[in-house]
Amino acid sequence: MVEDIAALVSSMGFSSPESVIGLLFLVLAVIGAVIVVVSIRPVLEFYPYTSPNARVRARRGKLFDEKQLSEIVEADTVEEVKNYLRGVPEYAEYVEKYPIEKALDTQLAETHDLLARIAPDDIKETFEILLSKWDISNLKSIIIAKEAGLTREETEDLLIPFGDLKDSSDKLLDAKNIEEIVNALEGTEYAQILEDAMPEYQKMGMLLPLEAALDKNYLNKLVRSVANPADDNSKLLQSYIGTLVDTTNLKIILRAKVDGLKYEEVQSYMISNGYQIREWKLKELMESEDVEGVLSSLEGTKYSHILSESMPDYSGTGSIAPFEAALDANVRKTANTISKKKPIGIGPIIGFLSRKETEVRNLKIIARGKVEDGVSASVIKEMLV
């Protein structure tokens, strides 16, 4: 028997039975390693989200529910709204320091700041860019204020105290005109962005080119940050950011059609690297004769159904507001789908951010309704999203 085994081993090209045993051990080790890698990969994917999601869930539990929002809607004045918010720790500090809308925006900015700090490394860049929207908001406020001739104090009241530029605000506030604002931004990415847009601003005599340049840079950075998804979490983040970009492009196109603008007139304001709507499709949409043509050209994309449902409202009013509301609702729906699809990964973070943004938006609607005389609670409720 021993001789037969030795002969078999020899016929297979092995010098001894021990070499066969060694090979078997090696094969088993490789198989075991593969099994371990396959088994542990899901754990490695969601492990970085464990701590961030715990913090996000704690905050999500403090979001207003429908009953609480109804109670706020029933307030008689803005001061009553503020009194309600003074009893909510997340808002209390800011309501005491700022006017109501600035207080709400500051709380939302704090949320962006938190997510940028706790986001796992593979998605941190995207959330840091999302936080930079407050730098852009502040720059726009300063530019508009300078153009309108507001004082330093009046301008400062417009700024949200978050973002990378908050430590440079004194230099920006002291600037006397747009050119000095650009100079004060030296060393930041915004200096070149605004400088490149200056000729168009001077030609048009309008701030639109400056504001659009800031927005376009922001959205392009978001698109680049999710361009190469490495796992399911980053793929879902890509779909969310892509939906935001598509929504922005479609709003621009719809407004352009209503205003009778041509593709060449708005091309520079759009983001060519959309998600479902790429550059060639954007051109096709802009070359449509009217809003109806835009909807026809969207066939084959998810936006066709989304916008078609709002067509009767548009036809009756001539306003694109129903389309914009439908697109915004789709962004919220996308976030909600992600939150359910990846409950132990990126889902809770995206879901919480979307719900927080919706909460702040609704609180602003309520506050504005209380400022204006004659806006009933029932009308305000209909305006909530």
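# Cavities, a pocket and aromatic pairs

Arg59, Lys62, Leu63, Val88, Glu90, Tyr91, Lys356 and Glu359 line the second largest cavity. Two or more of these lining residues come from each of helix H6 (89-97) and H22. The volume of this second largest cavity is about 40 Å³, and its lining is made up of 3 nonpolar and 5 charged residues, with no polar ones. The model described here is a predicted one.

In the whole structure, a search finds 2 cavities of 30 Å³ or more. The largest cavity has a volume of about 40 Å³. Around the largest cavity stand Arg59, Lys62, Glu90, Gln107, Thr111, Phe352 and Lys356. Helix H7 (100-118) and helix H22 (347-371) are the elements that give two or more residues to this lining. By class, the lining of the largest cavity holds 1 nonpolar, 2 polar and 4 charged residues. Arg59, Lys62, Glu90 and Lys356 appear in the linings of both cavities.

The open spaces of the structure include a pocket. The largest pocket has a volume of about 1800 Å³. Its lining consists of 46 residues, and those nearest its centre are Lys133, Asp215, Thr248, Lys251 and Asp328. Several helices each supply at least two residues of this lining: H7, helix H9 (133-148), helix H14 (208-225), helix H15 (232-259), helix H16 (263-266), helix H21 (321-341) and H22. Sorted by class, the lining of the largest pocket comprises 23 nonpolar, 6 polar and 17 charged residues. H7 and H22 thus supply residues to the lining of the largest pocket as well as to that of the largest cavity.

Lys133, one of the residues nearest the centre of the largest pocket, also takes part in a contact with an aromatic ring. Lys133 lies over the face of Trp134, at 5.7 Å from the ring centre. A second arrangement of this kind involves Lys283, which is placed over the face of Tyr263, at 5.7 Å from the centre of that ring.

Aromatic rings also pair with one another, and a search of the whole structure finds 4 such pairs. In one of them, the rings of Phe64 and Tyr84 have their centres 6.1 Å apart and their planes at 75°; an angle over 60 degrees counts as edge-to-face, so this pair is edge-to-face. The pair links distant parts of the chain, with Phe64 in the loop between helix H3 (50-60) and helix H4 (66-73) and Tyr84 in helix H5 (residues 78-86), 20 residues apart. Phe64 has a relative accessibility of 10% and therefore counts as buried, being under the 20% limit. Tyr84, at 26% relative accessibility, counts as partly exposed because its value lies between 20% and 50%.

Another pair is formed by Tyr314 and Phe323, whose rings are 5.3 Å apart from centre to centre, with 40° between the planes. This pair is tilted because its angle is neither under 30 degrees nor over 60. Tyr314 is buried, with a relative accessible area of 14%, and Phe323 is buried too, with a relative accessible area of 0%.

Finally, the aromatic pairs lead back to the opening of this account. Phe64, Tyr84 and Tyr91 are linked by ring pairs into a cluster. Tyr91 is also among the residues that line the second largest cavity, where Leu63 and Val88 are found as well.

Note on methods. Residues numbered from 1 in each chain as written. Predicted model: local features only at pLDDT ≥ 70, side-chain atom pairs only at ≥ 80, totals over all residues. Heavy atoms only, no water. Phe/Tyr/Trp six-rings, centres within 6.5 Å; stacked < 30°, edge-to-face > 60°. Helix = DSSP H or I, 4+ residues; strand = E, 2+ residues; numbered from the N terminus. Buried < 20%, exposed > 50% of the residue type's maximum accessible area, 1.4 Å probe, protein only. Lys NZ or Arg CZ within 6 Å of the ring centre and 35° of its normal. 1 Å grid on protein atoms, 1.4 Å probe; cavity = no way out; pocket = protein on both sides within 12 Å on 5 of 7 lines; lining within 4 Å. Points joined across faces, edges and corners; volume = space filled by probe spheres on them. Nonpolar A, V, L, I, M, F, W, Y, C, P; charged D, E, K, R; others polar.
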